[in-house]
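These are my notebook entries on a single chain. I set out to look up its overall make-up and then a few chosen sites.

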Amino acid sequence: MEKQIKMSYMAASSLLLLLFFSGSPIQILGLGVGINYGQIANNLPSPSRVAYLLKSLNISRVKLYDADLNVLLAFSHTNVDFIIGLGNEYLPNMTDPIKARNWLQQRVQPHLPQTRITCITMGNEVFKTYDHQLWSNLLPAMQTVYNALVDLGLDKQVTVTSAHSLDILSISFPPSAGSFRQDLGEYLHGILNFHAEVKSPFLINAYPYFAYKDNPNEVPLDYVLFQSNQGTVDPITNLKYDNMLYAQVDAVYSAIKAMGHTDIEVRISETGWPSRGDDDEAGATPENAGLYNGNLLKRIEEKQSTPAKPNVPVDIYVFALFNENLKPGPASERNYGLYYPNGTPVYNIGVQGYLPGMVYTSPSTKIALSVVSNVLFLVIAYLIFA
């Protein structure tokens, strides 16, 4: 055993010297992108390990669907900006000023400023539920939580918004004719006034994949995957679109303008492409997912804008970090992740991260392997955080 430990130290020391004198073998690329960190799964790595993975990818913006205590604690002092969420089921309670204030004092305030919570999303795709009571609760809940933030002196740090499905549009093409559904007008009018007043963004979950899946014989695959294609031209503005995502964003801008606002920024709170699906889910392959997300990341790095908003770089949160094995619905719902839960990329998009491993050993080799594991862990942590 003593000889085994000695050899382990020598191996680790040699590796340490190799790393420092020949350069790091770990490719770390900075991405000006946000990531959705969903957790509907029973096999995900711990939040502390995820923090290392995101740091190695230089991703500093994360969107949660709740206010998970373990995640917020694990990301303390990491300089990662967080969007946290209140599920649809919380909206009725959040119309009560006392309950809203209590929630903020219990779930948000204790984490500030060490964890950088910058935004709270009230519900998710509320208008997709067709629950009219929920529709009526959305704006009052947003207002009440925002007012509670003001009372607590947190409104300069944390803003309030909600994420919407593109189903809120009745017209999406041409983009300049974009308009909201008539039955949502009374609700969206107040919500847009709120955004304009508090200067918070309007969030949309935009998935060109859905358009392709529903009409694979009519929607050009290259157009939705950001590949070279002839594009489409808006006949009203003569603006050319070489991809569907940008056309969707501009359609939302047009719908907002039609309701009297030109001062509200549209951001993409979710977009992605599944790497696997059921037999009737056309296009759900690793190759297409790799093309969509890989090309999307290149455009984000280039700080591209949409044709109708040339001075506003598109702000995007990719869906999602991991495959989530407990999500209900078709197979595609469980296969949007860039990574498997073990830290292996689902497909190659040109970036490489590091997820700290977990060592499982027998008693006879535990000490020796622990030495190697700990030294390697420290070396890689140094390379990531230095």
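The entries below go from the whole chain to one loop residue, one helix residue and one helix.

**Entry 1: the chain as a whole.** I note at the outset that this is a predicted model. I looked up the secondary structure and found 12 helices and 14 strands in the chain. I then checked burial: of the 386 residues in the chain, 51% are buried. For the accessible surface I recorded about 18200 Å², with 52% of it belonging to carbon and sulfur atoms. I also looked up contact range. Among contacts in the chain with a separation of 6 or more, 70% join residues 24 or more positions apart.

**Entry 2: Ala41.** I located Ala41 in the loop that runs between β1 (34-36) and α2 (47-56). Is Ala41 buried or exposed? Its relative accessibility is 18%, and the cut-off for buried is under 20%, so I entered Ala41 as buried. Which residues does Ala41 contact once its neighbours within four places in sequence are left aside? I found Glu324, Asn325 and Leu326. I also looked up a C-alpha distance for Ala41: Arg334 is 293 residues away along the chain, yet the two C-alpha atoms are 9.1 Å apart.

**Entry 3: Gln248.** I placed Gln248 in helix α10, which spans residues 244-258. Its relative accessible area is 10%; this is under 20%, and therefore Gln248 counts as buried. Setting aside residues up to four places away in sequence, I listed Leu166, Ala206, Tyr207 and Pro208 as the residues that Gln248 touches.

**Entry 4: helix α5.** I asked which residues of α5 (residues 97-107) are buried. The list consists of Ala100, Trp103 and Leu104. Because these residues cover an arc of only 95 degrees around the axis, I recorded them as lying on the same side of α5. On the other side of the helix I found Ile98 and Gln106, both exposed. What do the buried residues of α5 pack against? I noted two strands, β3 (81-86) and β4 (116-124), together with two helices, α4 (91-94) and α6 (132-151). Finally, I examined the N-terminal end of α5, which is capped by Asp96. A side-chain oxygen of Asp96 lies 2.9 Å from the backbone nitrogen of Ile98. Ile98 thus appears twice in this entry, as an exposed residue and as the partner of the Asp96 cap.

Notes:
Residues are numbered from 1 along each chain as its sequence is written. This is a predicted model: local features need pLDDT of at least 70, side-chain atom pairs count only at pLDDT 80 or more; totals for chains, interfaces and linings use all residues. Side-chain values use heavy atoms; hydrogens and water are left out. Helices (H or I, at least four residues) and strands (E, at least two) are DSSP runs, numbered from the N terminus. Buried means under 20% relative accessible area, exposed over 50%, partly exposed in between (1.4 Å probe, protein chains only). Contact means heavy atoms within 4.5 Å. Accessible areas come from the Shrake-Rupley method with a 1.4 Å probe; for residues, only the protein chains shown count as cover. The arc is that of the directions from the helix axis to the C-beta atoms. A polar contact is a pair of N or O atoms within 3.5 Å; within protein, one must be able to donate a hydrogen and the other to accept it, and residues adjacent in sequence count only if both atoms are side-chain atoms.
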